Amino acid sequence: MFRLLRYFSLASLLSMVLAALVLGWFYREIAVHAMVRMGESGNQALTQVLSNSLWSRLVPYLDKARQLSTDQLREHPDRDALSRALRQQVRGLSVVKVKLYDARGRTVFSTDAKQIGEDKSSNAGFIMASKGTVVSELSHRDKFSAFERVIEDRDLLSSYIPVREGGRIVAVFEVYDDLTSDLAAIRTTQQRVMLGVFAILALLYGVLFLIVRHGAAVIRRQYHEHELIEAALRDSQQTLECRVAERTAELARANAGLEAEMLERRLADQRVVHMAHHDALTGLPNRSLLNDRVGHDIARARRSGGELALLFLDLDRFKNVNDSLGHEVGDELLKAVAARLKGRLREDDTIARLGGDEFIVALPDVAGAAEVATVSAAILTELARPYNIAGHELSADASIGIALYPRDGDCIETLMRNADAAMYCAKESGRANYQFFDAQMNQRVSHRLSTENNMRRALEHEEFVLHYQPVINLTTGRIEGAEALLRWPQSDARPISPAEFIPVAEDTGLIVPLGEWVLQKACEQAKAWQALQPGLRMAVNLSARQLRQKNLVGMIEGVLASSGLAPNLLELELTEGMLVDNVEETLATLGRLEDMGIRIAIDDFGTGYSSLSYLKRFPIHTLKIDRSFVRDISDDPDDAALVTAIIFMARSLKLQVTAEGVETEEQADFLRSLACDQVQGFHFDRPLPALEFSSRLEKKMPQASSRVAA
Ligand SMILES: Nc1nc2c(ncn2[C@@H]2O[C@H](COP(=O)(O)O[C@H]3[C@@H](O)[C@H](n4cnc5c(=O)[nH]c(N)nc54)O[C@@H]3COP(=O)(O)O)[C@@H](O)[C@H]2O)c(=O)[nH]1
């Protein structure tokens, strides 16, 4: 910090000393000057007095002196007389010596006789005086001879004063005044002046010191406050900088997070975009991307006048793979098929998966049907090569329907529809082949379409009816149950088989409302028949699509409640394949149904899934042996052995067994010999209309040995 008080004190001290010295010096100069002037005036007056009083002696003396030698002058009695007269005149004055020079500068008289004869012609004072100017000079003498004695340490004023006679300078007086005491007085006064000045300044300094000290204290306090403020500011700045650094780091982290998130989002967007245009399982383009690409291919073909082929490819019996080996194996097979298709086709070709086992191949720029036939044959050959998936050797034959642009359609919708129709024809004509679209195919497709529309209308107008096939106790011949089977009577033609319309209902989803209708009617009927045959059980077929229905259990609960049928009198028939799909969900659904008391039967047992472990996992009550095994039990020892094994296995698992499709007494006998629980089949009863079934119950006729005509 700037030491104001110290510098102020030093500067003040120096200034005070300097001021005292300067003022003292000024005073001395003025005082000495005044003293010299006074002395000089005094000497002038004295000279005048001397000239007047001694003139009469002086003039003759000067005349004589001109002729006398120095020694003669020193010894001359006039000199002594003059000297005495002079002394007389200056007595009481400060004059200590008087000298007289003639006009040529020779010392003709001196109160100190030794100096007589000295030449002063070159002396500046003399020269000036000889020209008429009075000149004085102040000097200090350590030793000085005055009036015949020596004085020491004196300040003397010597004045050269011209002596005139008739206006002419005839001689020059030199008068020495002893001003030692005056000068000492001047020095004393000078010291006092200096002391006085110093004292005044010191006083002033004292006052100023107090002011400055106060000012310095104020400044120091302000400086301190300023320091504190600065320190606080520095602290705040540091805190601020820390905060800024923290926030910057936070921002950097947030920024990095944001960038990562943005990247994640971009990737997610890309994934979404990819998913929106690609099949999740195979990575092939989906229907949307296919539409886009084929749209472009068609536009190009239209411009260039070229041809384009659309191949609708469906794997043969792929459902069997799914049903028997499970969906994971099925999925792997689909991926392998996709890979083979990609490997076999050109870069420009588009391979898309529509879902399930349906693929579309678009071949742009083809040179006629022959080329398309070659490619299709090559695809079939490629796909037919065996696959090894999860240790299973599989085959994947395919049926291909082909539509050509512009011959079979000029837009993707028409081409797809026609290729689809051609594919159905390929299936119908023995599978594992390709078919080019022709006009008749459309009729078959439109027949299917009209079936669907008619089915909707029939459901709406309650045109469907149920027939009931009795389920008979093989030992007692008693009707213990009924299987509800759907019938669609046609007013002007033979009824359409459920084997024909149930798959269409499955494909279109109509099976859901249709299945609910069946369940409702069957339960109401079973409830009504309880009066005729208490404990009569009703079996109802459940399709895969119904099983996946979210509110299935709720719907069944509602039906049972509205019909009043006891749950244990309802048996739902499922196929083995349905148990393999969504195992956990199916387990939960069946568990809830079992909890309600409903029985579960496995229909067509032996034709589907090869693993039997599901028999333990699922709540199953009845196995229904497929009629394909029963048909040949009398002739085919293998079938006989299979049926025997199934019955024994069911018994050990405490499951009930029903043999389906019993058409002959022989078959019935064989099954009876194995103590099979129940049978169904034309040998006993065909599916009967409700009224007929009622009559059968009313008659209560044992049917074990009789054959009822449908
Ligand atoms: N989900 C539903 N499926 C149903 C329903 N109604 C029928 N179906 C299924 O349709 C398929 C064909 O049924 P259908 O033409 O009724 O044939 C059944 C019987 O008539 C026939 N059967 C019975 N006994 C014999 C016989 O001795 N010989 C012989 N050749 N056929 C016989 O078997 C069919 C019953 O089979 P199953 O259901 O497997 O017990 C058929 O798959 C039906 O399941 C329905 O409402 N919902």
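A polar contact here is a pair of N or O atoms within 3.5 Å. Keep that cut-off in mind for the ligand stop of this tour through a predicted model.

**Stop 1: the ligand and its polar partners**

Select the ligand together with Glu660. An oxygen atom of the ligand lies 2.3 Å from an N or O atom in the Glu660 side chain. The protein covers 81% of the 810 Å² of accessible area that the ligand has on its own. Now add Arg487, where an N or O atom of the side chain is 2.8 Å from a ligand oxygen atom. Then add Asn541, whose side chain has an N or O atom 3.4 Å from an oxygen atom of the ligand.

**Stop 2: the shell around the ligand**

Widen the selection to the 20 residues around the ligand; Arg487, Asp604, Arg627, Glu660 and Glu663 come nearest. Try colouring this shell by class: you should find nine nonpolar, four polar and seven charged residues.

Which elements give two or more residues to the shell? They are strand S14 (479-487), helix H12 (498-508) and strand S17 (599-605). Highlight S14 in particular, as the largest share of the shell, four residues, comes from this strand.

**Stop 3: two annotated spans**

Next, select residues 6-27 and then residues 193-212. An unreviewed UniProt entry gives both the feature "transmembrane region". Residues 6-27 are 100% helix and 0% strand, and the C-alpha atoms at the ends of the span lie 31 Å apart. Residues 193-212 are also 100% helix and 0% strand, with 27 Å between the end C-alpha atoms.

**Stop 4: Leu82**

Move on to helix H3 (residues 77-90), and pick out Leu82 within this helix. Is Leu82 buried or exposed? Leu82 is buried, because its relative accessible area is 2%, and buried means under 20%. Show its neighbours too: leaving aside residues up to four places away in sequence, Leu82 touches Leu54, Arg57, Leu58, Tyr61 and Phe109. For a distance to try in your viewer, pick the C-alpha atoms of Leu82 and Ser110, which are 28 residues apart along the chain and separated by 9.6 Å.

**Last stop: the whole protein**

Finally, zoom out and show everything as a cartoon. The protein has 22 helices and 21 strands. Of its 710 residues, 43% are buried. Among contacts between residues at least 6 apart in sequence, 66% join residues at least 24 apart. Switch on the surface to finish: the accessible area of the protein comes to about 36,800 Å², and 54% of this belongs to carbon and sulfur atoms.

Definitions and conventions
Residues numbered from 1 in each chain as written. Predicted model: local features only at pLDDT ≥ 70, side-chain atom pairs only at ≥ 80, totals over all residues. Heavy atoms only, no water. Near = heavy atom within 4 Å. Polar contact = N/O pair within 3.5 Å; in protein donor to acceptor, adjacent residues only side chain to side chain. Areas by Shrake-Rupley, 256 points an atom, 1.4 Å probe, with all protein chains shown as cover. Nonpolar A, V, L, I, M, F, W, Y, C, P; charged D, E, K, R; others polar. UniProt positions renumbered as here; feature names shortened; annotations may be inferred. Buried < 20%, exposed > 50% of the residue type's maximum accessible area, 1.4 Å probe, protein only. Contact = heavy atoms within 4.5 Å.
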